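I opened the model today and kept short notes. Each entry says what I looked up and what I found.

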Amino acid sequence: MTDLVLTEKKNHILTVRINRLDRKNALTHAMYTALGDAIEQARDDNDIRCILYTGSEDCFTAGNDLGDFAAGLPGDFEDTPVGRFLLLLATTNKPIVAAVNGPAVGIGTTMLLHCDLVFAGNNTRFQMPFATLGLCPEGGSSLLLPSWLGRVRAAELLMLGDAFTADDALRMSLINRVCEPAQTETTALEACARLAAQPPAAIRATRELLNRAIGEALETTMLAEGKLFGERLKSPENAEAIKAFTEKRKPDFSNFS
């Protein structure tokens with residue numbers, strides 16, 4: 001387990017903390033491997049009844065490390081660290097809670113769609129700027145967001161890629177509660193403790209039933225998204241977006257068709 005992803009097992013709760021604050025918790029392939037390993041640990045340990053994902057009071061994650069992903073995905077999506085993590089996240093039978101503060105960009109937002117309870121600080125800024133970066137949606141967001149929010153609102157979030165606040169997310173029913181940043185993790189841990197005190201088999205059955213209706217379609221969508229995402233990482237549009245980001249200028253897509 002990399003020291004950029006810390007885990008702690010206590011009181012039947014596995015806390016998984018993204019810990020790369022000097023880079024705004026941007027996620028590398030190695031960090032995705034560690035995040036996937038944590039889910040497998042929870043799945044295989046009967047003493048773990050709940051998983052908590054968190055970062056710090058100031059940052060959840062700025063999304064993918066652009067430098068790490070510049071060369072594309074290392075293989076077919078389902079075999080890559082990010083693909084493995086997302087598929088495990090969607091299919092694990094243990095309840096998942098998230099405590100989110102500060103930037104929650106890209107997968108920092110889409111991974112929350114697979115959590116059962118989400119608590120966000122009032123300093124949180126959610127954003128899915130995939131199209132802006134010449135990419136496409138991932139994490140099942142192209143299926144889940146239209147199902148939950150309606151197509152036009154989903155298109156707004158995914159095509160325009162604007163940031164939105166915790167209050168916005170609460171109004172859209174994407175999170176459970178808005179907290180003071182210093183209280184977000186404490187509030188989430190209280191929810192984890194309540195889940196851990198429930199009959200564990202009943203909680204697992206409930207999560208399975210909540211996900212059952214959309215499960216097969218979700219896996220199919222995630223694999224299709226992953227394939228296109230890998231292709232888009234190698235696209236000229238993505239190259240221009242990354243170049244513009246490093247040069248601190250607005251990207252120019254006027255010559256693309």
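**Ser56.** I began with Ser56 and its contacts, taking contact as heavy atoms within 4.5 Å. Leaving aside neighbours within four places in sequence, I found Ser56 in contact with Leu21 and Asn101. Ser56 sits in the loop between strand 3 and helix 2 (66–69). I use DSSP runs for both: helices are H or I of at least four residues, strands are E of at least two, numbered from the N terminus. Is Ser56 buried or exposed? It is buried, because its relative accessible area is 18%. My cut-offs are under 20% for buried, over 50% for exposed and partly exposed in between, with a 1.4 Å probe and protein chains only.

**Ground rules.** This is a predicted model, so I note that local features need pLDDT of at least 70 and side-chain atom pairs pLDDT 80 or more, while totals for chains, interfaces and linings use all residues. Residues are numbered from 1 along each chain as its sequence is written, and side-chain values use heavy atoms, with hydrogens and water left out.

**First sheet.** I traced an open sheet of 6 strands in the order 1-2-3-4-6-9, with mixed pairing. Strand 1 (5–10) and strand 9 (177–179) are the edges, each pairing on one side only. From one strand to the next, the twist averages 20°. I count two strands as paired if DSSP finds at least two bridges between them. Strand 3 (residues 50–54) and strand 4 (residues 96–100) run parallel and share 4 bridges. I looked up Thr54 and found its bridge partner in strand 4 to be Ala99.

**Second sheet.** I then found 3 strands in an open sheet, ordered 5-7-8, again with mixed pairing. Its edges are strand 5 (103–105) and strand 8 (164–165), each paired on one side only. Strand 7 (residues 125–127) runs antiparallel to strand 8, and 2 bridges join them. Arg125 has Thr165 as its bridge partner in strand 8.

**Helix 8.** Helix 8 (residues 181–197) lies across strands 2, 3, 4, 6 and 9, at about 165° to strand 6. Axes here are lines fitted to C-alpha atoms, for helices over the stretch in contact, and angles run from 0 to 180 degrees between N-to-C directions. I checked the length of helix 8: at 1.5 Å a residue, its 17 residues should span 24 Å, and the end C-alpha atoms are 25 Å apart, which agrees. The expected span is 1.5 Å times one less than the number of residues. Buried residues of helix 8 include Thr184, Ala188, Ala191 and Cys192. Among the elements covering them is helix 9 (200–233).

**Cores.** By nonpolar core I mean buried Ala, Val, Leu, Ile, Met, Phe, Trp, Tyr and Cys joined through side-chain atoms within 4.5 Å. The largest has 58 residues, of which Tyr53, Phe85, Val100, Leu112 and Phe126 touch the most other members. Outside its neighbours within four places in sequence, Val100 contacts residues including Phe60, Leu112, Phe126 and Thr184. A second, separate core of 12 residues includes Leu52, Phe119, Cys179 and Ala191.

**Cysteines.** I looked for disulfides, pairs of cysteine sulfur atoms within 2.5 Å, and found 0. Why is Cys115 unbonded to Cys50? The closest cysteine sulfur to that of Cys115 is in Cys50, 9.7 Å away and too far for a bond. Cys115 is buried, at 12% relative accessible area. For Cys179 the closest cysteine sulfur, in Cys192, is 12 Å away, also too far for a bond. Cys179 counts as buried too, at 7% relative accessibility.
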